[in-house]
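Me: Could you walk me through how the helices pack here, up close? I'd like to know which side chains do the touching.

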Amino acid sequence: MKIIVFDDDPTGSQNVYGCPLLLKWDQQTLARGLEHESPLLFILTNTRALPQDIAALRIREICKAFIQVYAKTNIYNKELLVISRGDSTLRGHLVLEPEVINNELGPYDATFHVPAFLEGGRTTLNGIHYLNNIPVHKTCFAKDRLFGYKTSDLSQLLEQKSLGMIKSKDVEILSTSKLDFASNNKRGMETLLDWLLSLNLNKQVVVDATSDEHLMIFANAIKTLISKKKFLFRSSASLIKALADLDKNPLNSKNLASLRIRDESGLPKPGLVLVGSHVQLADNQLNILLMNQDCVGLEFPVKKIANILDQDSPTSLIYELELKVLNQLKMILSENKTPVLFTSREEYLFNSNTERMSFGIKLAEIMARIVREVSFQIGYLISKGGITTQVLLESGLKCRLVNLEGQILPGLSVVTPESDSSYNLPIITFPGNLGNDKTLLEAWKLMENL
């Protein structure tokens with residue numbers, strides 16, 4: 001079995017290990033990913049950073065490339081599961097992306113919506129999605145300027161996000177009671193399998209989950225029917241873990257921290273922290289990290305950059321800004337301190353979501369270029385924020401794929417560029433919405449062996 005994950009930012013592999021994460025989908029790179037020994041292949045689409053029309057084009061492009069390459073690889077006869085991985089707090093193109101995949105790789109008998117991310121306190125019960133037992137529409141994530149929403153009822157949310165193409169009354173709920181019944185006796189599992197077998201015509205199904213056992217029972221049922229039914233999934237990371245059912249990672253936090261690069265004398269090189277995420281949790285984590293005297297903050301002025309980019313010929317001014325920040329970074333590194341490069345925290349308003357997304361990518365590209373210039377002076381990198389991390393890996397470090405080593409803390413993955421890359425840095429991919437106020441500090445301390 002091969003599990004193909006279309007991941008809308010580079011953090012969806014946050015509870016598995018030992019698999020490739022692709023940042024390109026040319027035939028050679030796709031073939032390398034498909035032939036990897038891991039049952040998992042992640043394709044980092046970065047579509048959460050794109051407007052709807054561009055996101056749809058990208059997913060369609062990847063699907064067509066996948067079809068071309070799939071038959072040429074040695075996994076042609078393996079059974080496939082396709083997952084559209086999205087944010088567990090419901091930001092992103094949660095209807096659009098599985099719809100495009102269904103059109104290109106389907107038709108599917110059903111699409112299952114499984115946003116529960118149990119490791120992060122995200123659960124679903126009676127079709128309602130929660131974060132730490134709070135309906136998710138009451139959290140700060142529902143106020144996202146690009147992907148905001150006003151309901152935690154997933155059936156209603158599907159209707160709203162599909163502009164009425166999906167009717168809430170037609171959405172099925174796979175309840176925890178049905179899953180509990182399947183876990184307790186043979187008849188319960190047979191009932192669940194029969195129900196799954198009855199699904200067709202791309203039925204939309206919300207899956208409840210409040211425990212690992214619920215996802216494992218669901219995953220086992222899906223794998224039982226893999227040769228009989230064609231199912232698609234829009235899920236967070238927890239379902240991926242359940243479907244892959246990997247053994248425990250032999251690398252622990254200490255092993256992963258030891259990937260830190262050392263200089264010729266054997267001393268560990270200093271690290272660098274990059275913070276682009278703008279959710280309140282990221283602000284809190286940044287503030288606590290900067291209380292440590294060995295971490296030196298370096299603010300990246302968002303408003304100033306936006307004003308420069310609005311000019312007719314911004315190139316020389318952007319170059320001057322990059323050079324100034326680069327020199328400041330080098331000064332901090334020369335003092336053997338950890339520079340913390342972060343975007344200014346104030347909210348900058350745009351005329352449209354498309355303009356906002358475009359600026360976000362340009363901003364991330366500028367930061368990625370700066371980081372690339374010091375990449376040989378540092379021993380590790382912590383990158384917080386999905387778009388920031390994606391652009392860093394793809395545009396900054398020019399990676400075609402990275403290898404997922406494991407998690408240094410729950411949900412915080414360590415990746416390394418492919419062996420033939422010019423950059424061999426261990427990079428911690430840190431989701432914007434994960435952890436508590438001290439998690440960024442804890443990750444830094446682990447890498448510093450404190």
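Reply:
**Helix packing, up close**

Helix α11 passes α12 in a left-handed crossing (the near helix is turned anticlockwise from the far one by less than a right angle). Before going on: this is a predicted model, in which local features need pLDDT of at least 70 and side-chain atom pairs count only at 80 or more, while totals for chains, interfaces and linings use all residues. Residues are numbered from 1 along each chain as its sequence is written, and side-chain values use heavy atoms, without hydrogens or water.

Back to that pair: α11 covers residues 302-309 and α12 covers 315-334 (helices are DSSP H or I runs of at least four residues, numbered from the N terminus). Their axes, lines fitted to C-alpha atoms over the stretch in contact, come within 9 Å and cross at roughly 155° on a scale from 0 to 180 degrees between N-to-C directions. That's why α11 and α12 count as roughly antiparallel (over 145 degrees). On the α11 side, Lys-304, Ile-305, Ile-308 and Leu-309 make the contact (heavy atoms within 4.5 Å), and they meet Leu-317, Ile-318 and Leu-321 of α12. Sorted by class, that's six nonpolar residues, no polar ones and one charged.

Now for another pair, α5 (residues 176-184) and α7 (residues 212-224), whose axes are 9 Å apart and meet at about 70°. So α5 is roughly perpendicular to α7 (65 to 115 degrees). Here α5 brings Thr-176, Leu-179, Asp-180, Ala-182 and Ser-183, while α7 brings Glu-213, His-214, Ile-217 and Phe-218. The class count for this contact is four nonpolar, three polar and two charged.

His-214 is worth zooming in on. It sits in helix α7, and with a relative accessible area of 6% His-214 counts as buried, because the cut-off is under 20% (1.4 Å probe, protein chains only). Not counting residues up to four places away in sequence, His-214 touches Thr-176, Leu-179 and Asp-180, along with Asp-208 and Ala-209. A polar atom of the His-214 side chain also lies 3.1 Å from the backbone nitrogen of Thr-210. If you'd like a landmark for the eye, Phe-233 is 19 residues from His-214 in sequence and 16 Å from it in space, C-alpha to C-alpha.

Terms used
Helix = DSSP H or I, 4+ residues; strand = E, 2+ residues; numbered from the N terminus. Parallel < 35°, antiparallel > 145°, perpendicular 65-115°, else oblique. Nonpolar A, V, L, I, M, F, W, Y, C, P; charged D, E, K, R; others polar. Buried < 20%, exposed > 50% of the residue type's maximum accessible area, 1.4 Å probe, protein only. Polar contact = N/O pair within 3.5 Å; in protein donor to acceptor, adjacent residues only side chain to side chain.
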